[in-house]
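Here's a quick briefing to read with the model open next to you. Keep the sequence handy as well.

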Amino acid sequence: MKKQLTEEKVFKDPVHHYIYVQDQTIWDLINTKEFQRLRRIRQLGTSYLTFHGAEHSRFSHSLGVYEITRKIISQFERNSYPDWPVKEKLVSLCAALLHDVGHGPFSHSLEEVFDTDHEEWTCNIILGDTEINRVLSAVSEQFPAQVAAVIQKKYPNPIVVSLISSQMDADRMDYLLRDAYFTGVNYGTFDLERILRVLRPYKGQIVVKESGMHAVEHYLMSRYQMYWQIYFHPVTRSSEIILRQIFRRAQELYVGGYSFQWMPKQLKCLLQNTMTVHDYLKLDEALVQTAFAEWAEEHDPILSDLCERFLNRHLYKYITLENPDEELLNEISECFSSIGMNPDYHMEIDYPFDLPYDVYRPDKKEGEKKEKAPILLLDGLEDISEISSKSDIVRSITGLHQGQYHLYYPEEPLKQNIHRLPDSLRKLFKLD
């Protein structure tokens with residue numbers, strides 16, 4: 001049963017100014033230990049090594065997603081849209097608040113190495129023996145499963161799912177504004193209030209009033225700029241590469257029987273793939289960075305070097321390659337090996353195209369992962385059209401890729417062995 005707070009709670013927020021909590025269930029969820037853990041998980045992973053202000057947490061982002069969702073629903077209710085059932089409000093707000101509760105430390109890098117999924121962990125936390133589950137179960141016995149179904153995109157009402165997961169959902173709108181604020185750039189700014197005013201629930205989906213098309217164009221261009229200027233920044237990519245290599249090296253050593261001088265239980269469970277929800281909730285960035293500080297003094301030279309680099313921002317340098325062929329990469333690998341470097345850890349080709357991101361794509365091509373629901377415009381005749389069919393700006397960036405191959409490597413060994421490098425590689429690495 002939905003309960004109102006006797007007194008509205010308010011959070012001061014640099015992005016939304018104020019975040020309002022009126023439901024007892026939402027307040028109780030915020031105060032669970034599982035949600036409080038998000039204070040210890042950075043929203044932008046390793047980006048703080050590139051943009052020093054990017055220290056904001058998934059806690060603040062999750063509150064922001066909740067607030068945008070609350071504003072959208074309030075607008076639906078004020079206008080008494082017949083396609084919005086009032087009974088869906090609480091499940092929508094809970095899913096918005098909890099959508100990231102399953103993120104781990106440096107989440108996306110950790111997921112890539114250990115083949116985990118933060119959405120799966122989110123559902124495990126919602127459905128498991130947790131404080132969050134007990135708060136949700138107080139609403140009804142079925143309520144935790146309903147919230148999890150929204151996260152899994154299986155909830156029967158697609159409007160509820162679209163609020164949290166679509167091409168223009170509350171999640172994306174908050175992280176663009178919040179990440180732009182904390183990185184100190186203007187790329188991610190757009191007219192949120194205008195967008196919220198032109199959203200409509202209509203025939204089982206969320207649409208945008210056609211008069212709001214230009215605000216949506218601005219949002220998509222902001223998203224484009226944020227990805228290429230912030231999320232794919234080559235220095236951030238360097239720190240992510242080193243982070244993944246630390247996890248990969250630790251796992252390789254553990255499987256090989258290496259005796260670590262220090263290994264907390266939670267990381268041991270991670271390395272041996274026996275992580276329970278209880279263990280997972282003990283993982284945060286403070287623990288991981290403590291491990292890195294200890295591992296910087298391990299006897300394994302690769303692990304200790306990687307940890308020292310990450311902790312003290314001695315990141316890999318990079319060069320840009322134009323369509324590198326196998327022959328060139330083999331030459332570089334053999335040269336690195338000849339001067340005592342390990343190509344498995346001391347060279348990596350990075351190409352942002354490989355990341356699961358498109359600025360905007362209205363449909364799914366054969367063999368590709370299904371994209372999120374497209375942005376639909378509603379005109380005065382109540383006809384619906386996909387936005388790229390009406391907008392030249394959106395059409396110009398639909399499915400657009402741009403990027404360059406970057407080869408990342410530690411610079412010091414090359415400088416120390418410059419006399420042993422062939423002229424072609426000295427020129428390639430700009431060591432002449």
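What follows is a short tour of helix packing, helix burial and a few individual residues.

Bear in mind that this is a predicted model. Three helix pairs get a closer look, then two helices taken singly, then four residues picked out for their backbone or their contacts.

**Helix 3 against helix 4**

- Helix 3 covers residues 58–78 and helix 4 covers residues 89–98; their axes come within 7 Å and cross at roughly 155°.
- An angle over 145 degrees counts as roughly antiparallel, and helix 3 and helix 4 are therefore described that way.
- The crossing of helix 3 with helix 4 is right-handed.
- On the helix 3 side, the contact is made by S62, L63, V65, Y66, T69, R70, I73 and E77. Helix 4 answers with K89, S92, L93, A96 and L97.
- Sorted by class, the contact of helix 3 with helix 4 has seven nonpolar, three polar and three charged residues.

**Helix 16 and its two partners**

- Start with helix 13 (residues 234–255): its axis and that of helix 16 (residues 285–295) come within 12 Å, crossing at roughly 70°. That makes helix 13 roughly perpendicular to helix 16.
- The handedness of the crossing between helix 13 and helix 16 is left-handed.
- L243, I246, F247 and A250 of helix 13 make the contact with V288, F292 and W295 of helix 16. By class, that's seven nonpolar residues, with no polar and no charged ones.
- Now for helix 17 (residues 301–312): the axes of helix 16 and helix 17 come within 8 Å and cross at roughly 125°. That makes helix 16 oblique to helix 17.
- Helix 16 passes helix 17 in a left-handed crossing.
- From helix 16, Q289, F292, A293 and W295 meet L303, S304, C307, F310 and L311 of helix 17. The residues of this contact divide into seven nonpolar, two polar and no charged.
- If you're picking side chains to display, try F292 and W295 of helix 16: they're part of the contact with helix 13, and they also take part in the contact with helix 17.

**Buried helices**

- Helix 4 is mostly covered, with ten of its ten residues buried. The buried set includes K89, which sits in helix 4 along with buried S92, L93, A96 and L97.
- Those five residues of helix 4 also appear in the contact with helix 3.
- Helix 12 (residues 213–231) has 19 residues and reaches 25 Å from its first C-alpha to its last, close to the 27 Å expected at 1.5 Å a residue.
- In helix 12, 14 of the 19 residues are buried, so helix 12 is largely enclosed by the rest of the structure.

**Positive phi in loops**

- D115 has a phi near 55°, a positive value in a residue other than glycine. You'll find D115 in the loop between helix 5 (107–114) and helix 6 (118–127).
- D115 is exposed, and its relative accessible area is 71%.
- K203 also has a positive phi for a residue other than glycine, near 50°. K203 is in the loop between strand 3 (199–202) and strand 4 (205–209).
- K203 is exposed, at 60% relative accessible area.

**Contacts between residues far apart in sequence**

- F182 belongs to helix 10 (residues 170–183). At 24% relative accessibility, F182 counts as partly exposed.
- F182 and P14 are 168 residues apart along the chain, but their C-alpha atoms are separated by 9.4 Å.
- Leaving out neighbours within four places in sequence, F182 is in contact with P14, G53, A54 and H56.
- N342 lies in the loop between helix 18 (326–338) and helix 19 (343–346). N342 is partly exposed, with a relative accessible area of 22%.
- N342 and I302 are 40 residues apart in sequence, and the C-alpha to C-alpha distance is 8.6 Å.
- Not counting residues up to four places away in sequence, N342 touches I302 and M347.

Technical notes
Residues are numbered from 1 along each chain as its sequence is written. This is a predicted model: local features need pLDDT of at least 70, side-chain atom pairs count only at pLDDT 80 or more; totals for chains, interfaces and linings use all residues. Side-chain values use heavy atoms; hydrogens and water are left out. Axes are lines fitted to C-alpha atoms, for helices over the stretch in contact, and angles run from 0 to 180 degrees between N-to-C directions. Helices (H or I, at least four residues) and strands (E, at least two) are DSSP runs, numbered from the N terminus. Angles under 35 degrees count as roughly parallel, over 145 as roughly antiparallel, 65 to 115 as roughly perpendicular and the rest as oblique. A crossing is left-handed if the near helix is turned anticlockwise from the far one by less than a right angle, and right-handed if clockwise. Contact means heavy atoms within 4.5 Å. Ala, Val, Leu, Ile, Met, Phe, Trp, Tyr, Cys and Pro count as nonpolar, Asp, Glu, Lys and Arg as charged, and the others, Gly among them, as polar. The expected span of a helix is 1.5 Å times one less than its number of residues. Buried means under 20% relative accessible area, exposed over 50%, partly exposed in between (1.4 Å probe, protein chains only).
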